Amino acid sequence: MTAKSLPRATYRLQLREGVDFDRARRLVPYLAGLGISHLYLSPIFTAASGSTHGYDVTNAAEIDPTLGGRAGFDALAEAAKAAGLGIILDIVPNHTAFHLENPWLRDVLRHGQDSRYARHFDIDWAKGRLVLPFLGEPFEDMLEAGAFRLEQGEDGPQLSTEHFAIPMTQGTLPSEEMRSDPQAIRDAHAAQPWRLTHWEYERDGVTHRRFFNVTGLIGMRVEDEAVFDDMHALLFELLDRDQVQGIRLDHIDGLADPAAYLRRLRAKVGDTPIWIEKILTGDETVPASWPIEGTTGYEAARAISRILTDAEGLARLDESWRRETGREGSFHDALLKAKNEVIRQELAAEMHQLIDMARTAVGPEDALEIGDEALREAVIALLVAFPRYRTYFAEGEAPSEDERALMERVAAEAGENLRSDATVSRLTGFLVDPETPEERALQVRFQQVTGALLAKAHEDTAGFRWNRYIAANEVGADPDEPTISAEELSGWLQRRAPSEMTLTSTHDTKRSEDARMRLVAVSHLPEAFLALWEHSETVDGAKEIDPNLRWYILQTLLAMWEAGRGDIAERLGQHVDKAMREAKEVTTWTHPDTEAEAAAQRFAKALAESWGGELPAGAGQLMTRGEALSLAQTALKLMMPGIPDIYQGTEVGAFQLTDPDNRMAVDFRAIAGLAMRGAPDCFAQDVPLDEIPGPVATDGPAAEPAPGLDSFAGRKARLICAGLALRRLRPEFFATAEVRLDAPTADRLVLTREGPEGRLEVSIDRQGHAVGTEPGPQRIWPRHEADLDAAVCLDWHPAQE
């Protein structure tokens, strides 16, 4: 394998939570045998203590010692190379941790704007001192209670509390006898380039650019060449040493100028493949000029779910949901309401920053023509009306006609309900064709905020309110467009590049792939779900909670249910708390309503316990259909244009919910054993089972996997093994073969790929009927006796001599 070759298939591994470089290294033989070509790692750079994900980087110039440090990564890279595997690194250019462990930030706290790193961070120094909303009570209250200490620390003077110590500027530490005097503490605090505030001040008072509304993540100015070089120095070193063969970019939309960033990165990394985390809406596509291989594939997951959703059954479900809950309107209506709330609440700081920047851009000459309220309502209206994550207007480049037309539509919608659209029109001109540095600054920040607003309003608010059919409440999906025709999808597949990634589960998806297909099954069998609904009405506490929340809890239990697991009720309860707080209708993260949450918890626990013996009517039927749809989803992912990405542990049934549920420890040994026993002829090499890491807490001798070969887990594992084996055998075919999708009957789908080597046919029956009972000329799957009644079949037809 060359360093620059495209992946055949990737395996996403979440480091931390017990998974370090050593465990990853021990997985390499299994992944290579499975048919994976690239190990796709979550961020490896040093993150805040206790980080469970690694996106809160504190030191981009160091490999995290908790993962094994540089020596551990070197050993992993060497093992991967020896096995023919590449490594893809997930990097975080947009932000670092707003945390006292961040050495660059500590330098800024010590030296203020004189720090070498002052311009590394996106801080609005024009607002004065850097706001640190770290306090549990107002500053003066804590001062009166004696909570602050002024002292000499190991690396200089510091202001300390019970929980933290903040670097102080040299020369601002008073004499020892004055260090406990309240006025001396007050004066020393006033002399710092930062100021401590109560944590609630973060809502609208922070002076740094945040990642979404996460105050603990501070934006980085990678548009500055010096910042870019410092943020990427270690990555470039690893690339130069041929230890990394691909790059995944986190949150491309947060950058000031994504196109310029990508051009600079491409110039540094040559032809190393680059993929971006990018949420596309509607028929949006990535700008053609961007020098990337593609996105990570959320649009592919959406397309698969839509083609497998039954439109008629969903209409029946919609009717019942509206009747039972009293909900009206569309998801778009719910989204607009959520946007108006989020921009005034969670993103109030960003809203005020934009208003201030708009006032500066308008300038003093026009100040009397545009009042403060007109400016405020115009900024909000433009943000709420904007339908995508962002535009891509770049300095020195003329806007494309498509983006200009998009902003014209946004301006028209934004001005509809205002007394006058004059201010909206004026600001839109700044956003499309800025002429001054102040107008350009407004354009940049507006583009950074629209993505944060849509993400928080869509995924994390409206997506937990509009509970009709939560299979469509996914990252990158649109609940108002839950289906797609075979003809539409066929056209989309034909336009799709083979270098794009194809995912069905990630660390960010709201439900794991097989849990989602259980929910898709609800659209096929609405009457079965309504039987479960009737059962839920008999459970203790059902009448104490809103029917819309109960509808959500019932779907969630169906999605996550696994017989024999003792943690279902606990996990469901934890998720219900999260769902309610994200919805923000009766309780929130910052101001929880404990009584409302307790009522939902009681019902969720009672509902889960009512399934503990014999499952209620309808549950088994939905789960069986969900398994058939999961196999269909897997087959489409493996065989459609693009690079299939397998999230850790999803070779078998994956029924987790959103994080942290979907980051649970994975028993790789049990999964590998099931895959190797079920499809030994698909593995490229023998893999000693004892060498594969088992459960994190009990990493002992090899054990037989709990699922049997005839289980759904066994079927899915065999299908993945067969699909990856075919990709390994015929890489050129999957890079060049033409594709089409047909629907010969209402319930039958046939994906056909054809090239000089032959023709591949993927047959799917959406109603779960067997399609693989008659052997084809070269049957890829099913071949195992236990799979013959599956609703999925893969046949290879060699080209005629």
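**Reading a pocket and its salt bridges**

Author: Welcome! In this predicted model, the second largest pocket has a volume of about 1300 Å³. Among its 50 lining residues, Leu-280, Thr-281, Gly-282, Asp-283 and Glu-284 are the closest to the centre.

Reader: How is empty space found, and which element gives the most to the lining of the second largest pocket?

Author: Rolling a probe the size of a water molecule over the atoms shows where empty space is left. Here, α11 gives the most to the lining, with five residues. Elements that give two or more residues include α9 (298-308), α13 (372-385) and α16 (437-459).

Reader: How do the residues of that lining divide into nonpolar, polar and charged?

Author: There are 24 nonpolar, eight polar and 18 charged residues in the lining.

Reader: Now to charges. How many salt bridges does a search of the whole structure find?

Author: Side chains of opposite charge can pair when their charged atoms come close. The search of the whole structure finds 58 salt bridges. One of them joins Asp-253 and Lys-278, at 3.0 Å from N to O. Asp-253 lies in the loop between β14 and α8, and Lys-278 in the loop between β15 and β16, so the pair ties together parts that are 25 residues apart in sequence.

Reader: Are Asp-253 and Lys-278 buried or exposed?

Author: Both are buried. Another salt bridge links Asp-250 with Arg-248, at 3.1 Å from N to O. Asp-250 is buried at 5% relative accessibility, and Arg-248 is buried at 1%.

Reader: Which residues do salt bridges with shared partners join into one network?

Author: Arg-12, Asp-90, Arg-248, Asp-250 and Glu-277.

Conventions
Residues numbered from 1 in each chain as written. Predicted model: local features only at pLDDT ≥ 70, side-chain atom pairs only at ≥ 80, totals over all residues. Heavy atoms only, no water. 1 Å grid on protein atoms, 1.4 Å probe; cavity = no way out; pocket = protein on both sides within 12 Å on 5 of 7 lines; lining within 4 Å. Points joined across faces, edges and corners; volume = space filled by probe spheres on them. Helix = DSSP H or I, 4+ residues; strand = E, 2+ residues; numbered from the N terminus. Nonpolar A, V, L, I, M, F, W, Y, C, P; charged D, E, K, R; others polar. Salt bridge = Lys/Arg side-chain N within 4 Å of Asp/Glu carboxyl O. Buried < 20%, exposed > 50% of the residue type's maximum accessible area, 1.4 Å probe, protein only.
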